[in-house]
Amino acid sequence: MEDLPCRRHPADLWFAELPQEVELAKELCGDCPIRQACLTEALRRAEPWGVWGGQLVLQGKVVARKRPRGRPRKDEVAA
């Protein structure tokens, strides 16, 4: 278990704010032997955020990419 990417790299990387750091964390999960189990458990627990099993999870769901701060929302909000 000590050889897993999440054990070899700083924990903050898996909960990074910068999109490029999130992409690095996702890439590091690529060859992890427990990648699928990690993602399955994160989704079961509805993790609020972070990289789990090579995927970015936000509010318990897998999302494709981390949006940088300051960008407009994708959906309209009633004013």
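With which residue does glutamate 41 form a salt bridge? In this predicted model, the partner of glutamate 41 is arginine 44, and the closest N and O atoms of the pair are 2.8 Å apart. The two residues lie 3 residues apart in helix H3, so about one helical turn separates them. In general, an α-helix has 3.6 residues a turn, so residues three or four places apart point the same way. Side chains of opposite charge can pair when their charged atoms come close. Glutamate 41 is partly exposed, with a relative accessible area of 31%, whereas arginine 44 is exposed, at 59%.

The chain in which this pair is found contains 3 helices and 3 strands. Read from the N terminus, the order of the elements is α-α-α-β-β-β. Of the 79 residues in the chain, 28% are buried. The exposed area of the chain is about 6,000 Å², and 53% of that area is supplied by carbon and sulfur atoms. When contacts between residues at least 6 apart in sequence are considered, 37% of them join residues at least 24 apart.

Helix H2 spans residues 19–28, and its buried residues are Val22, Ala25 and Lys26. These residues cover an arc of only 100 degrees around the axis, and therefore they lie on the same side of H2. On the other side of H2 are Gln20 and Glu27, which are exposed. The buried residues of H2 pack against S1 and S2.

One of the buried residues of H2 is a lysine, Lys26. The relative accessible area of lysine 26 is 14%, and it counts as buried because the cut-off for that class is under 20%. With neighbours within four places in sequence left aside, lysine 26 is in contact with Val51, Gly54, Gln55, Leu56, Ala64 and Arg65. Among these contacts, Val51 falls within the residue range of strand S1, 49–52. Gln55 and Leu56 fall within the range of strand S2, 55–58.

The structure holds 4 salt bridges, one of them being the pair in helix H3 described above, glutamate 41 with arginine 44. Another joins the side chains of aspartate 3 and arginine 8, with an N to O distance of 3.4 Å. Aspartate 3 is exposed, with a relative accessible area of 59%, while arginine 8 is partly exposed at 46%. A further salt bridge is made by the side chains of glutamate 47 and arginine 45, with an N to O distance of 2.8 Å. Here the acidic residue, glutamate 47, is buried, with a relative accessible area of 16%. Its partner, arginine 45, is partly exposed at 39% relative accessibility.

Alanine 46 lies in the loop between helix H3, residues 35–44, and strand S1. Alanine 46 is not a glycine, yet its phi is positive, at about 55 degrees. The relative accessibility of alanine 46 is 45%, so this residue counts as partly exposed. A positive phi of about 55 degrees is also found at glutamine 59, again a residue other than glycine. Glutamine 59 is placed in the loop between strand S2 (55–58) and strand S3 (61–63). With a relative accessible area of 74%, glutamine 59 is exposed.

On the surface, Phe15, Trp49 and Leu58 make a nonpolar patch of about 240 Å². Tryptophan 49 belongs to strand S1, which covers residues 49–52. The relative accessible area of tryptophan 49 is 37%, so this residue is classed as partly exposed. Leu58, another member of the patch, falls within the range of strand S2, residues 55–58. Strands S1 and S2 are also the elements against which the buried residues of helix H2 pack.

Key. Residues are numbered from 1 along each chain as its sequence is written. This is a predicted model: local features need pLDDT of at least 70, side-chain atom pairs count only at pLDDT 80 or more; totals for chains, interfaces and linings use all residues. Side-chain values use heavy atoms; hydrogens and water are left out. Patches are made of residues with over 30% relative accessible area and no salt bridge: like charges are joined within 9 Å, nonpolar side chains (Val, Leu, Ile, Met, Phe, Trp, Tyr) within 5 Å. Accessible areas come from the Shrake-Rupley method with a 1.4 Å probe; for residues, only the protein chains shown count as cover. Helices (H or I, at least four residues) and strands (E, at least two) are DSSP runs, numbered from the N terminus. Buried means under 20% relative accessible area, exposed over 50%, partly exposed in between (1.4 Å probe, protein chains only). Contact means heavy atoms within 4.5 Å. The arc is that of the directions from the helix axis to the C-beta atoms.
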